[in-house]
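Thanks for coming, everyone. I'll show the structure now, and then we'll walk through a few places in it. Please keep it on your screens while I talk.

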Amino acid sequence: MSNPLAIAIPPIQVPKHPVWPHLTPEDKRALKTRIKALLAERDAVLVAHYYTDGDLQELAEESGGFVADSLEMARFGSESPASTLVVCGVRFMGETAKILNPEKRVLMPDLAATCSLDESCPADLFGTFCDQHPEHVVVVYANTSAAVKARADWVVTSSIALPVVEHLHAQGRQILWAPDKHLGHYVERVTGAEMLLWPGACVVHEEFKGFALDRVRRLHPQAAVLVHPESPDEVVDQADVVGSTTQLIKAVLEMPNQEFIVATDEGIFWKMHQLAPGKKLIAAPTAGVGATCESCAHCPWMAMNALQNLEQALIHGAPEIHIDPTIRDRARLPILRMLDFARERGIGGSKTRG
């Protein structure tokens, strides 16, 4: 593995988790009813990521929308007849929806809801790095801007990264990977491919600590450990299952264990509880006893999505995703390459619809 550690990534400003006004059960029901009516009036469909608040996931399902990981979110907009897509997640997800559906309006509750991986990989620095290694095929994680995707040969999500890299490695291709160093290192270890790794990391998953996880495992010896591969090696090494959000949800549903220690964003617990209500879920520790962190186990940018600003987005038709057409057209090619590859290999395609 060769890491470009000399690259100076700009400091990432991690926002504080927003504090939304308390809603009584009656207020929440009324707000959801208004949002459903707005969705119908605007010919809009709601698409929510597993890491968003459970109220948003529930609303998406109740309104005929969609809850999924980023690979399935990438497919959905093209298949939906709705003229407006409302994406509850982070900005790169809204951009991907717009790239694949330029004729549709794509709204988000808050365009400031970005991603630490996206922020860690500025397009200008990344472009220079690619120019320095022209012999490498460029593979970028979906958690990147449209401008970074426009420099890529392949876009991958965590659910498809391994088979894509295995495919390229079997062809003898040299691979440049960005931006998540932990996911990149995991892919290297599993596939045997040696890649140039951009030194980015997720502020949520990087907080999981191996020594703290080991302590929790000793307290719950019957629990299966589920880990997202954006986590550090010492956490991944303790996992019974390493996988994407969809793969971790599937593990809770199908494994015989009654307890699970889960090392990923706690937003995923809503879907896990929904599908396996009798099973106990334990949040993996982020930094040990007495430690503090900015992100802990919930993405502060995902937390910018709420029922309140979702309603406002539908009322005002804003904020809306706009992408320069030249960048959009270039970014579309590696995304379609991923989707075609997934279709040919029978990867994904399961949907969680209301």
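Start with Cys299. Is Cys299 buried or exposed? At 11% relative accessibility, Cys299 is buried. Bear in mind that we are looking at a predicted model.

What about a bond to another cysteine? A disulfide, remember, is a covalent bond between the sulfur atoms of two cysteines. For Cys299, the closest cysteine sulfur belongs to Cys115, at 6.5 Å. A disulfide needs the two sulfurs within 2.5 Å, so Cys299 is too far from Cys115 for a bond.

Now take Cys202. Cys202 is also buried, and its relative accessible area is 11%. Which cysteine sulfur is closest to that of Cys202? Again the answer is Cys115, this time at 6.4 Å. That is too far for a bond, too. How many disulfides does the whole structure hold? The count is 0.

Cys202 leads us to a neighbour, Ser116. Ser116 sits in helix α5, which covers residues 116–119. Ser116 is buried, with just 2% relative accessible area. What does Ser116 touch, once residues up to four places away in sequence are set aside? The contacts are Ile12, Ala201, Cys202, Val203 and Trp301. Val203 deserves a second look. Its backbone nitrogen lies 3.1 Å from a polar atom of the Ser116 side chain.

Next stop, the cavities. How many cavities of 30 Å³ or more does the structure hold? There are 3. The largest has about 270 Å³ of space. Its lining is made of 26 residues. Nearest its centre are His49, Tyr51, Asn143, Glu230 and Met302. Two elements each give two or more residues to that lining: α3, residues 70–79, and α4, residues 91–100. By class, the lining of the largest cavity has 12 nonpolar, 11 polar and 3 charged residues.

Now the second largest cavity. Its volume is about 100 Å³. Here α3 and α4 appear again, each with at least two lining residues. Which element gives the largest share? That is α4, with 4 residues. The lining residues include Ser70, Met73, Phe92, Met93 and Met338. Also on the list are Ala142, Val155 and Thr157. The classes here are 8 nonpolar and 3 polar, with no charged residues.

On to a pocket. The second largest pocket has a volume of about 240 Å³. Of its 15 lining residues, Trp20, Asp53, Asp55, Ala306 and Gln308 are closest to the centre. Two helices, α2 at 54–62 and α14 at 307–316, each supply at least two residues of the lining. The lining of this pocket splits into 8 nonpolar, 4 polar and 3 charged residues.

Let's move to helix α9, residues 181–191. Which of its residues are buried? They are His182, Leu183, Gly184, Tyr186, Val187, Glu188 and Thr191. There is a general point about spacing to keep in mind here. An α-helix has 3.6 residues a turn, so residues three or four places apart point the same way. What covers the buried residues of α9? The cover includes strands β5 (137–141), β7 (175–178), β8 (195–197) and β10. It also includes helices α8 (161–170) and α11.

Look at the two ends of α9 as well. At the N-terminal end, Asp180 is the cap. One of its side-chain oxygens lies 2.9 Å from the backbone nitrogen of His182. Just after α9 comes Gly192, with a positive phi of about 80°.

Last residue: Gln238. Where is Gln238 placed? It is in the loop between α11, residues 233–236, and β10, residues 241–242. Gln238 has a relative accessible area of 15%. Buried means under 20%, so Gln238 counts as buried. Setting aside neighbours within four places in sequence, Gln238 is in contact with Gly210, Leu213, Asp214, Arg217 and Val225. Gly210 is also a polar partner: the Gln238 side chain reaches its backbone oxygen at 2.9 Å. For a sense of distance, take Val47, which is 191 residues from Gln238 along the chain. Their C-alpha atoms are separated by 33 Å.

That's the tour. I'm happy to take questions.

Technical notes: Residues numbered from 1 in each chain as written. Predicted model: local features only at pLDDT ≥ 70, side-chain atom pairs only at ≥ 80, totals over all residues. Heavy atoms only, no water. 1 Å grid on protein atoms, 1.4 Å probe; cavity = no way out; pocket = protein on both sides within 12 Å on 5 of 7 lines; lining within 4 Å. Points joined across faces, edges and corners; volume = space filled by probe spheres on them. Nonpolar A, V, L, I, M, F, W, Y, C, P; charged D, E, K, R; others polar. Buried < 20%, exposed > 50% of the residue type's maximum accessible area, 1.4 Å probe, protein only. Contact = heavy atoms within 4.5 Å. Polar contact = N/O pair within 3.5 Å; in protein donor to acceptor, adjacent residues only side chain to side chain.
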